[in-house]
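Subject: Handover of a structure and findings on its sheets

Dear colleague,

Please find below the structure that I am handing over to you. I should be grateful if you would read the notes beneath it with the structure open beside you.

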Amino acid sequence: KRTRYDTPQEAQWSFKLECIRDMRTIVRAGQFVDEKVSLRFQFVSVDGQKKLAITVDGTDAARSCSVSGRVVVDSYQFSESFHENDLSDLVLCVICKELLTLLESDANAHNSFEMRGYQNDPHVWIHVLDPQHPGSMERMRLSTYVSDGKRRPFKTLTFAYRIEMDTVKFRDFFNRAKSIGAEKVCITIWIYKRNGKEMSLVQLLCEGNSMMSATFYGEPETDDEGLPVVRAVSDAKYNDEGEPPEEEVFESYFKIDFLVRFFKLVSDRIVVGKVMQNYPLFLEHYLKGGDTDESYLRYLVGATTED
């Protein structure tokens, strides 16, 4: 009779995150498109420094939604038998639901997260530790599966407009849209002049059992990439009572279910979106509380038809 299980003495490799939250976010995102997720590992350059990152990429079966996530680890260790070049062959395909049983526990929300791998062992070992109470630890021996071996990173896309989205406002709108039976949202952007001043207007419109809309006025700016920036935020200082011109600069429909899932994960006040006519909607959320793409969650939602 076994009353305990032990890991081997020396791990071939181990990766540690000081906070479990961001790992949970990218695994949840991976679950949006598939029941399994393939965790990959690569060195990236961050501010000229070499760092190790865990990456997740995936696309749903209908190719309507894609996710890409990356979290830079806080520390890592390799044994003498494991070399940096071996990372390219290290792909851990796991069932999202099984891994999330540990990651989603409220008791572990602020704990550290460590993954370990051992020679000739097909499992990955997960260790969750409360830094304030080092005498208590949770462990999981997680089964791994054969991956298709293909990484599906986002292709480089060129966009025409950047939208700064108020997370709370957008999350609330999409949740209410579902409650009235709406399946799609129409996002429209106008840029026009009123009394010599350049104005922008972003509108969300959905229709189910009822019709609902939200509008955000502002003054467009230009970002470092040269893209016009329109703001869809709650602190807008302008309210143009006049009708916008008939000709919009962007209009497209997107499935609300995909947007509800993304905004459920987001904790920052502002989410960056990028759009171009007949292109998917690009959404980006920076992880680790940062304002750079060191660690991120990216989301592509394919446009759908009005009917």
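The notes that follow describe two sheets and the helices that lie against them. Please bear in mind that this is a predicted model.

One open sheet has five strands in the order E5-E1-E7-E8-E9, and its pairing is antiparallel. Its edges are formed by strand E5 (75-78) and strand E9 (137-142), each of which pairs on one side only. From one strand to the next, the twist averages 15°. Within this sheet, strand E7 (residues 112-117) and strand E8 (residues 124-129) are joined in the antiparallel sense over five bridges. Ser112 stands opposite Leu129 in E8. Helix H2 (residues 96-103) lies across E7, E8 and E9, and it runs at about 175° to E9.

The other open sheet has four strands, ordered E13-E12-E11-E16, again with antiparallel pairing. Strand E13 (211-218) and strand E16 (250-255) are the edge strands, each pairing on one side only. Here the twist averages 15° from one strand to the next. Strand E12 (residues 197-207) pairs with E13 in the antiparallel sense over eight bridges, and Cys206 stands opposite Met212 in E13.

Two helices pack on this four-stranded sheet. Helix H3 (residues 167-179) touches strand E11 (184-194), E12 and E13, and its direction makes about 165° with that of E13. Helix H4 (residues 256-265) touches E11, E12 and E16, with its direction at about 85° to that of E16.

Yours sincerely

How values were computed. Residues numbered from 1 in each chain as written. Predicted model: local features only at pLDDT ≥ 70, side-chain atom pairs only at ≥ 80, totals over all residues. Heavy atoms only, no water. Pairing = 2+ DSSP bridges. Axes fitted to C-alpha atoms, helices over the stretch in contact; angles between N-to-C directions. Contact = heavy atoms within 4.5 Å.
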